[in-house]
Amino acid sequence: MRAAIIYNPVKVELDALTNAVAEAEKRHGWDASLWIETTEEDPGAGQAGEAIETSADVVIAAGGDGTVRAVGEGLRGSGIPLALLPSGTGNLLARNLELQLDDLETGLETAFSGTDKPIDVGIIDLRRPDSSVDRRAFAVMAGLGIDAQMIENSDDALKKRAGWLAYVTSIAKSLRDGNELHVRYRLNSGAPHRATVHTFIVGNCGSLPANMVLMPDAKIDDGLLDIVMLRPEGALGWLRIWLRVAWENGILRRTRTGRRLLGETKPIRPLRYETSESLDATFGRPEKIELDGDAFGEVTAIRVSLERGGLLVRIPREQPAAGSEVNAG
């Protein structure tokens, strides 16, 4: 048995990781791992292809959300499981799989002895302003509007010092721009709809940092895209959104008692939800887009579908290995 470790040299402490991996290999009786470094030009997809060619038994992604997304993109459909050693600010996929964060020993124990779970993979065609089309994959979500502007405006140095709180200043800067997003969209190739919103997000799962759950019904293995549109009206609208995603979804609905106290969730005007197996959307002007927390330039249109069970992820054995128990809610 042999692992391939695809690591971002900027995000990991290589000496500590090397020593920990060597101990885990010895403990589990695995051969020495293949080490592959990411580059600025290729954050992980090409390296995943190299790992596939060597018939690795598991591929371990050591890095931030960008590394995880790119490695997952390269591994999808291969049948080789992806294990996560999350680092950085967001750790979006790890959060939605309810994996422990910043715990190297536990992460490696899962990588070398865990069980495999198939999850859906979002496939998105990005139509650029020059009419070219770029196909990408995502595991968590694709976002436009304030969501993407927040990523674009974030300060990397501040993120290293303050973590997710660094996005607060970025959000404030994005809100000052006051831009609205005009979208025309179709669900499952159905009738066209129009919307004017501040944020348009297509998700495979819905948990975010700071204990926020943006899409509480989203499941990572149900074959459905969850779409959320945000259009708050002033400070009160933003407060209602925060109460819903951080307090109700992020805290109360995580417990049986909290769910009983809340009862049936009623829609609120600033948040609109849809579900679909596929989505086509065009925008009134070029809009910034992010995938799994990384900026991906501008688009004039997107087409999104799901590759059901397209990626195997390695989870601890004590977690459920099938069904929809691992989800955002």
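Let me start with helix α1, residues 14-28, and helix α5, residues 104-113, whose axes come within 10 Å and cross at roughly 40°. Please keep in mind throughout that this is a predicted model. With angles from 65 to 115 degrees counted as roughly perpendicular and those under 35 degrees as roughly parallel, that crossing makes α1 oblique to α5, and its hand is right-handed.

If you would like to follow the contact on the structure, the α1 side is made by Ala 16, Leu 17, Ala 20, Val 21, Ala 24, Glu 25, Arg 27 and His 28, while α5 brings Leu 104, Leu 108, Glu 109, Phe 112 and Ser 113. Sorted by class, the contact of α1 with α5 has eight nonpolar residues, two polar ones and three charged ones. As for the spacing along a helix, an α-helix has 3.6 residues a turn, so residues three or four places apart point the same way.

The second pair I would like to discuss is helix α2, residues 45-53, with helix α3, residues 65-75; these pack at an angle of about 45°, and their axes are 7 Å apart. That angle makes α2 oblique to α3 as well, and the crossing of α2 and α3 is right-handed. From α2 the contact draws on Ala 45, Ala 48 and Ile 52, and from α3 on Ala 70, Val 71, Glu 73, Gly 74 and Leu 75. Six of the residues in this contact of α2 with α3 are nonpolar, one is polar and one is charged.

Staying with α2, which of its residues are buried? They are Gln 47, Ala 48 and Ala 51, and because these cover an arc of only 105° around the axis, they lie on the same side of α2. What covers them includes the strands β1 (3-7), β2 (34-37) and β3 (58-63), together with helix α3. Ala 48 therefore appears twice in this account, being one of the buried residues of α2 and also part of the contact with α3. Just after α2 there is a backbone detail to look at, since Ser 55 takes a positive phi of about 60°.

To finish, let me place these helices in the chain as a whole, which holds 10 helices and 16 strands. Of its 329 residues, 52% are buried. Finally, taking the contacts in the chain with a separation of 6 or more, 71% are accounted for by residues 24 or more positions apart.

Technical notes:
Residues are numbered from 1 along each chain as its sequence is written. This is a predicted model: local features need pLDDT of at least 70, side-chain atom pairs count only at pLDDT 80 or more; totals for chains, interfaces and linings use all residues. Side-chain values use heavy atoms; hydrogens and water are left out. Axes are lines fitted to C-alpha atoms, for helices over the stretch in contact, and angles run from 0 to 180 degrees between N-to-C directions. Helices (H or I, at least four residues) and strands (E, at least two) are DSSP runs, numbered from the N terminus. Angles under 35 degrees count as roughly parallel, over 145 as roughly antiparallel, 65 to 115 as roughly perpendicular and the rest as oblique. A crossing is left-handed if the near helix is turned anticlockwise from the far one by less than a right angle, and right-handed if clockwise. Contact means heavy atoms within 4.5 Å. Ala, Val, Leu, Ile, Met, Phe, Trp, Tyr, Cys and Pro count as nonpolar, Asp, Glu, Lys and Arg as charged, and the others, Gly among them, as polar. Buried means under 20% relative accessible area, exposed over 50%, partly exposed in between (1.4 Å probe, protein chains only). The arc is that of the directions from the helix axis to the C-beta atoms.
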